[in-house]
Amino acid sequence: MESIRVSQSKGKDAHTALTELLGLKDFQVTDYEIYEPEHQLVLICEVAYQVAICPDCQQPSTAIHEYKPQMVRDVSAFGLECYVDYIRRRFKCHYCQKPFTEQLNTVSLGRYTSRYEHYIFEQYRQAPITEIAYQENLSYKAAQGIFYRQAEARVGQVKNQPVCRLGLDEISLKKGHQQFMLVLSDLDRHCVIATLEDRQMERLEAWFEGLSEPERQAIAEVSMDMWSPYRSAVERHLPQADIVADRFHVVQNLNRAVTKARRDIQRDAPTDVKDSLKGSRWVLVKNQANLSEKEQDKLALLYDTSPELKQLHQLKEAFRDIFETDHNREQAALSLAAWIEKVRATGLKSLDTFLNTLDNWGQQILNYFNQRTSQGFVEGMNNRIKLIMRRGYGYRNFDHFSFRILIECGLIP
């Protein structure tokens, strides 16, 4: 069915009013057309000036080389899809004699006004691309192009902001497949600043090398889990920065040792002891202060059943208390040394691996007490990133996935 066209020329005052309503300084409205079945409003416009600047020599030119009709989508008006119809011009430079197409600030590189792309991008912060494409009567490919064009431009606006305290944390992309991505965070602003496609040291070093010297020098602390390649990369590229072993990863490491010991004890125990130890995993690793009354009863039963697990749990709680109660590095160093001696006095072999970790990372663990730098907010950030991945049913293109993370978890304006 053909569209119904309604067209009416207006006087000068009406044209001026329509131009003001349009609000695009590059254009003057000369007429309009309404297509009723399609719910479309087409504003027929002229470019507001006769001069264009050559992109090569930056000189003005008024020599028209050729004309080409152009129609671009604008934000909806009066409940109608709005389009700007104008003649796109190519000029010939008086100085370098090269032809060039005029660049209008209000028109993007695609078939849309800049403000329409901005509007669509803001909608994507709240809904999936497919939903916005449907609402705006756009193809998925067109909607996706707007999103990533805007995202790439906005990432460039914030990437050079200096970071004082940097966080490094890896996220498993596919459980059981050893596929990880590395997330770099600004620990002061609580936001993601970059994502790396894997956790290889070479990729992290390449990111460091991409920073300017002032940006590198601005980084005073780097918080990380206890993985030697990260430490080596930071020591090589950020020698001035204090490396902080993230307290949550340190305690998590101890919890793994306690869990392994519980499994070994439970595996070799008599049937009645096995029954008593069933369901004790979270009771052992959860902070004792956060246990429910039922969990406290389970812990008391566990204490009666296994003296070794009782010792391990008490040592785990004492270790955690060092982070909660010691307020300076010197005090923490004394408390940590006393804790290590206490573990050795028990003769528990199940904590030998953790003691080796403390020996290798002791100074980095104590660096926490300089400014109590941690990545406590990162766990919530990781959950948001995993939600982004589930919402997109996975991402084949890592750059697209990275843009989504930076938009929802970063500082993109």
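**Exercise 1. The pocket lining**

Find which helices and strands each supply at least two residues of the lining of the largest pocket in this predicted model.

*Solution.*
Step 1. List the elements. They are strand β9 (165–174) and the helices α8 (247–268), α10 (281–285), α12 (307–325) and α16 (378–391).
Step 2. Pick out the main supplier. The largest share, 10 residues, comes from α8.
Step 3. Look at the space itself. The largest pocket holds about 1400 Å³. Its lining counts 35 residues, and the closest to the centre are Phe 248, His 249, Gln 252, Arg 256 and Glu 379.

**Exercise 2. A pair of strands**

Describe how β6 and β7 are arranged.

*Solution.*
Step 1. Locate the strands. β6 covers residues 64–77, and β7 covers residues 80–92.
Step 2. Find the direction. The two strands pair in the antiparallel sense, over 11 bridges.
Step 3. Check one bridge. Asp 74 has Cys 82 in β7 as its bridge partner.
Step 4. Inspect the turn. The strands form a hairpin with 2 residues between them. In that turn, Phe 78 has a positive phi of about 55°.

**Exercise 3. Ile 64 at the surface**

Is Ile 64 buried, partly exposed or exposed?

*Solution.*
Step 1. Place the residue. Ile 64 lies in strand β6.
Step 2. Take its relative accessibility, which is 32%.
Step 3. Apply the cut-offs. Buried means under 20%, and exposed means over 50%. Ile 64 is at 32%, so it counts as partly exposed.
Step 4. Add its partners. Ile 64, Tyr 67 and Ile 87 make up a nonpolar surface patch. Together they have about 280 Å² of accessible area.

Technical notes:
Residues are numbered from 1 along each chain as its sequence is written. This is a predicted model: local features need pLDDT of at least 70, side-chain atom pairs count only at pLDDT 80 or more; totals for chains, interfaces and linings use all residues. Side-chain values use heavy atoms; hydrogens and water are left out. Two strands pair if DSSP finds at least two bridges between them. Helices (H or I, at least four residues) and strands (E, at least two) are DSSP runs, numbered from the N terminus. Patches are made of residues with over 30% relative accessible area and no salt bridge: like charges are joined within 9 Å, nonpolar side chains (Val, Leu, Ile, Met, Phe, Trp, Tyr) within 5 Å. Accessible areas come from the Shrake-Rupley method with a 1.4 Å probe; for residues, only the protein chains shown count as cover. A salt bridge is a side-chain nitrogen of Lys or Arg within 4 Å of a carboxyl oxygen of Asp or Glu. Buried means under 20% relative accessible area, exposed over 50%, partly exposed in between (1.4 Å probe, protein chains only). On a 1 Å grid over the protein atoms alone, a cavity is a set of points where a 1.4 Å probe fits but cannot get out, and a pocket is an open set with protein on both sides within 12 Å along at least five of seven lines; lining residues have an atom within 4 Å of a point. Grid points are joined across faces, edges and corners, and a volume is the space filled by probe spheres set on the points.
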